Amino acid sequence: MVDVAEKSMEELVSLCKRRGFVYPASEIYGGINGFWDYGPLGVALKNAVRDDWWRNMVECPPVGPDGDVLQVVGLDSSIIQNPKTWEASGHVGGFNDPMVDCTESKKRYRADHAWVVGFHGGEEDADSNSSSGVVPEHFYAVVADSKETAIEAAKSEMPKKFAKRVADATAVTAFDQTNLAPDWPRLSPATQTATLTEPRMFNLMFETYVGAIRDEDAKAYLRPETAQGIFLNYKNILDTMRVKVPFGIAQVGKAFRNEVTPRNFIFRSREFEQMEMEWFCHPDDALKWYDFWKHERMRWWKSLGIDEGNLIFRDHDEDELAHYSSACVDVEYRYPFTAPGYGELEGIAHRGCYDLSKHTEHSKQKLEFFDQTNNEKFVPHVIEPASGLTRGVLVLLCEAFTPTPERKGSKYVMNFPARLAPIKVGVFPLVNKDGMPEKANALYMKLREKYVCQYDVKQSIGKRYARMDEAGTPYCVTVDGETNENGNVTIRHRDTAEQEQVHIDRVEEFLGEKLG
Ligand code: GAP
């Protein structure tokens, strides 16, 4: 298996475009930063992840820690809600990122992602004390998600003339621009000079106007998370669905954030999809459920075939908890652009009764639960596993992407688990004559009833295999000279490029064993 740290994002992004997984949005107009379109194979992969999540969360939810089958119901709420929703949830006042501007290049950065890395030179620097300890001899500014990746990026990006100093450095440290030591320069990654402004707060919600008049009263927001639609429907579901606490409400859908610095392909975009579930429970049981969902969510990601070594848990420090959360743990993945470090894939948050209490306060509607068995009324606490669907697609793309320099023809293979692969079977005639197209087409017409198949007659067989390898198609079936002689077709396995002969009448049985 190829280490994810050795995979090139540039090559992956190029394959995604070439094979119809992901295109830059509005490309013919020069694109639009932070927006992406999912092509024919990308939408199939995204739907496969979404359907697996929905199946495991709503249709067949797990058995809980007490041995009971959990109750989770689905929802599809509106993207635009009454704007009071976002005042109550705290997003109007608190959903901000600090941003800094470079006065020279006019570039804008998220302050907590714009790092200054300081390299302490030789012995002579060691005496010059400052508020940050030792004043570094040399500074370099980079954009990165974490301190570790900032230091690695600075080491590899710095011009050659500093290379010796870096090699000689006795210590390296880094501060982001929200937390910069007072005697460090506010360096811009664009200019490498102190041309950055002080951080300013920037609200991430996209605004729009409902109706014909564009005034403050008509202002509304595109939802920055799917979660609030769930809280708004808590009472409806309780009143109509015969559920009782503990239970969950799950939703998959678009969310919009006007990110200051969208980047790393589809990792951080301005329009993306989330898969969120709010688990309503008794306050006394909240920690038990937090622990349960934390492990259940990790189990699910692993069930998609993601290598265990590329996934970790990371507990949030107190100072990074979102405004609504009293505890949060992230499931993180080792992306090629974070390696050797990890980046967020999903957050499992203990939201307490923050949201239901806030919506009660703002709407004057009681959002409680009455437990008839114990004659007790309470506001449920909420555990929220919140993941990015589009970020999950990125993880599967990174995980599957395998350079194959040893193979003739195919430079890359996308080795998705067969059940998630956008195309399951390629069906080809070896050549476009001698009765092969007719036989291959008849086989295709039969197989397409059961599997997503692609029939292809164009170009050499090697090129067709290479195309299917990049699409991640687990099996290709070729009708060739043998078929005319003894009825055998050639089945090629994507992961090994091995070929085997199977009688044409047994192809369905063969695929049934492999693909189910
Ligand atoms: N309701 C809680 C919530 O929205 P979050 O950590 O802000 O929590 C949950 O978002 C997940 O949504 C993240 O773990 C990530 O996978 C995904 N996500 C958040 N912002 C994103 C962005 N700008 N682009 C792509 N995915 C994003």
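Colleague: Which residues come nearest the ligand, and what makes a residue count as near?

Modeller: E225, E259, E276, E344 and L345 come nearest, out of 21 residues around the ligand. A residue is near if one of its heavy atoms lies within 4 Å of the molecule. This is a predicted model: local features need pLDDT of at least 70, side-chain atom pairs count only at pLDDT 80 or more, and totals for chains, interfaces and linings use all residues. Residues are numbered from 1 along each chain as its sequence is written, and side-chain values use heavy atoms, with hydrogens and water left out.

Colleague: What makes the pair between the ligand and L345 a polar contact?

Modeller: A polar contact is a pair of N or O atoms within 3.5 Å; within protein, one must be able to donate a hydrogen and the other to accept it, and residues adjacent in sequence count only if both atoms are side-chain atoms. An oxygen atom of the ligand is 2.8 Å from a polar backbone atom of L345, so the pair meets the cut-off. For Q274, a ligand oxygen is 3.0 Å from a side-chain N or O atom.

Colleague: Which strand gives the most to the shell around the ligand?

Modeller: Strand 18, with five residues. Strand 18 spans 343–352. Strands here are DSSP runs of E, at least two residues; helices are runs of H or I, at least four; both are numbered from the N terminus.

Colleague: Which residues of helix 5 are called buried?

Modeller: T149, A150, I151, A153 and A154, within residues 147–157. Buried means under 20% relative accessible area, exposed over 50%, partly exposed in between (1.4 Å probe, protein chains only).
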